[in-house]
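Student: Could we go through this structure together, asking at each step what lies behind the words that describe it?

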Amino acid sequence: MAKVEKEIIAGSIKQKSSFGDRVTNFKNKAVKDFKRNKLIYLMISPVVLYYIIFQYGPMYGLQIAFKDYSPALGFHGSPWVGFEHFKDFFNSFYFGRLLKNTILLSFYSLIFAFPAGIILALLLNEVRGRVFKRTVQTVTYMPHFVSLVVIVGILYDFTARDGVINYILVSLFGIEPIAFMRESEWFRTLYIGSDIWQNVGWSSIIFLAAMSGIDPSLYEAAKMDGAGRFKQMIHVTLPGIMPTVVILLILLIGKFMTVGDEKILLMYNPTTYDTADVIGTYVYRKGILESDFSYSAAVGLFKAIIAFTLLVIANGIARKAGDTKLW
Amino acid sequence: MKKTLGERLFDYGNILFLVLLSIVTLYPLLYILIASVSDPAYVAQARGIMLLPKNFTLDAYNMVFKNPMIITSYLNTLFYVVVGTTLNIVLTSLGAYALSRKNVLWKNFIMFMIVFTMFFEGGLIPLYLLVSELNMIDTRWALILPTAVSAFNLIIMRTAFQGIPDSLEESARIDGANDFTILFKIILPLSLPVVAVMVLFYGVYHWNSWFHAMIFLQNRELFPVQLILREILIANDTSSMTTGVSAVDAMPIGETVKYATIVVATLPILCLYPFLQKYFVKGVMIGGIKG
């Protein structure tokens with residue numbers, strides 16, 4: 001008797017979670033939720049609308065990468081061409097050069113610009129005078145707030161044949177003045193160098209914040225063990241900011257394909273395309289200047305897919321290696 | 001505690017390095033300021049090395065403020081900054097509030113939808129076509145609507161709102177307050193530091209942005225000041241600035257006017273950020289890590 005009862009109960013529970021019931025359940029929950037949170041949904045509706053139109057709209061528009069889009073025929077009227085544009089891009093003379101330039105610029109900023117922020121933070125962390133520290137911080141944050149147009153304008157000015165950098169080089173080493181902005185072999189150095197100059201202070205903020213969160217007792221313990229300041233830096237401070245470093249590294253790898261397109265557009269010219277032209281600037285020239293919409297959308301989609309894949313891989317590795325991850 | 005010799009040497013080296021870094025950072029900006037108030041003929045000879053103004057003059061600024069193109073673009077920039085940032089702040093705080101509530105069924109789905117756009121986006125060309133489909137090419141909307149919300153800033157603000165104790169809100173709710181009242185009367189006044197940082201981040205973005213203006217605008221009457229600066233600095237076209245000056249004088253005067261325009265277009269922001277410094281350290285921290 002008891003057994004039968006149990007089976008009936010078990011059966012009714014099973015029945016309760018059948019698909020149809022789950023739908024009604026969810027409907028009831030949704031209706032109740034909507035009644036309770038009417039104002040919340042009203043508040044978020046403009047944000048959702050923005051994301052649908054201006055973020056998911058372009059994603060929907062990416063279909064033109066597989067079409068032969070012409071404005072006259074419109075999004076839906078244009079004929080499908082499959083992977084035609086991708087093939088064209090992979091077989092073009094530009095493909096290898098763009099990929100190489102994009103990857104090299106990202107790689108150099110990864111090994112030069114990224115550690116620069118960490119090093120500055122470590123050095124600032126060792127400064128005892130509060131006023132001095134704050135002054136250095138305020139000064140090094142400053143260029144971050146200056147527009148790229150002005151930064152690149154200053155770069156043109158200072159690296160000109162009659163500019164201050166040539167003046168110093170010529171008077172110190174007696175070399176011929178160099179037209180830096182017109183020499184393709186100088187482009188990467190100028191790009192990374194000016195990037196560090198502009199952002200090293202700003203990128204140190206996040207590491208300094210992470211350092212201030214380190215438990216002071218760890219330093220006390222290290223001191224008891226006879227660790228000097230340098231050893232404390234290596235064994236307490238660095239491990240303490242590691243989670244921050246890993247997360248920023250993941251984010252950076254996710255942006256690996258998106259180098260500073262806007263800055264390059266301001267800096268490059270046909271004589272430096274050799275090293276300066278990257279996928280983003282090529283998309284701009286093909287798409288906006290030459291109105292080759294479908295082809296350039298395909299190139300842009302290629303970039304976005306690679307970037308997304310890299311992000312997923314980097315996150316996976318970080319997840320395996322430790323407990324720091326984005327998701 | 002007594003310092004070892006090595007530690008003392010490190011301290012001196014460290015301070016020396018940081019002083020040098022500060023000088024290298026500051027000098028180019030200071031040079032522009034100095035050159036903009038100096039005698040144009042002297043600036044042309046100085047070859048980038050000037051520590052004090054020579055023959056102090058405000059002529060360059062006079063020319064900047066008489067130039068109709070610069071005035072128009074400056075006013076345009078103010079418009080984009082004020083209207084754009086206001087819209088940014090309103091939408092971001094509404095969104096951040098809604099997403100910081102508990103017991104909202106669709107919250108995680110909406111959050112995912114927003115965060116996803118940080119890692120994958122349609123890109124430049126589809127956005128350009130969308131803006132032209134919406135007939136916004138050559139309108140001010142093109143510089144305001146496509147950047148109405150930043151996911152990164154939304155996350156910073158949401159994290160700040162989540163840190164406010166529930167008890168404050170509950171007692172207001174008992175007094176009959178609805179969500180709008182709670183947001184505007186309780187949450188926002190308690191979050192002024194983060195709001196200030198958001199104003200700074202969004203405001204600086206609008207102030208300094210030029211790329212969307214370049215691709216979406218053709219009508220020069222709508223250009224922001226950065227786009228005019230680009231013509232002067234990058235394309236090296238100072239013709240619009242030296243009207244009414246003889247050709248011989250035009251070159252050096254053009255140079256100092258160039259510097260004066262940079263100062264006018266940059267100084268307002270550089271005067272603002274030190275006041276918010278202690279807040280944005282926190283803002284960057286919570287948004288960047290816990291987001």
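**Two domains and a cavity**

Tutor: In this predicted model, about 460 Å² is buried between domain 1 of chain A and domain 2 of chain A, and carbon and sulfur atoms give 78% of that area. The domain assignment places domain 1 at 18-66 and domain 2 at 84-321, and their C-alpha centres lie 37 Å apart.

Student: How do you know that the two domains touch, and how many residues does each one bring to the contact?

Tutor: Contact requires heavy atoms within 4.5 Å, and four residues from domain 1 of chain A and seven residues from domain 2 of chain A take part in it. On the side of domain 1, L62(A), I64(A) and A65(A) supply 83% of the area buried against domain 2, more than any other three residues.

Student: What makes the touching side of domain 1 nonpolar, polar or charged?

Tutor: Leu, Ile and Ala count as nonpolar, and the residues of this side divide into four nonpolar, no polar and no charged, so by that definition the touching side of domain 1 is nonpolar.

Student: How many salt bridges and how many residue pairs in polar contact are counted between the domains?

Tutor: The count is zero salt bridges, while one residue pair is in polar contact, with both residues at pLDDT 80 or more.

Student: Why is the space lined by Y80(B), H206(B) and P224(B), among others, called a cavity?

Tutor: It is called a cavity because a 1.4 Å probe fits there but cannot get out. This is the largest cavity, and its lining also includes L143(B), Y205(B) and H212(B); about 100 Å³ of space lies in it, and the whole structure has three cavities of 30 Å³ or more.

Terms used:
Residues are numbered from 1 along each chain as its sequence is written. Chains are lettered from A and ligands numbered from 1 in the order in which they are written. This is a predicted model: local features need pLDDT of at least 70, side-chain atom pairs count only at pLDDT 80 or more; totals for chains, interfaces and linings use all residues. Side-chain values use heavy atoms; hydrogens and water are left out. Domain bounds come from an automatic or database domain assignment. Buried area is the accessible area (1.4 Å probe) that two parts lose on being put together, summed over both. A salt bridge is a side-chain nitrogen of Lys or Arg within 4 Å of a carboxyl oxygen of Asp or Glu. A polar contact is a pair of N or O atoms within 3.5 Å; within protein, one must be able to donate a hydrogen and the other to accept it, and residues adjacent in sequence count only if both atoms are side-chain atoms. On a 1 Å grid over the protein atoms alone, a cavity is a set of points where a 1.4 Å probe fits but cannot get out, and a pocket is an open set with protein on both sides within 12 Å along at least five of seven lines; lining residues have an atom within 4 Å of a point. Grid points are joined across faces, edges and corners, and a volume is the space filled by probe spheres set on the points.
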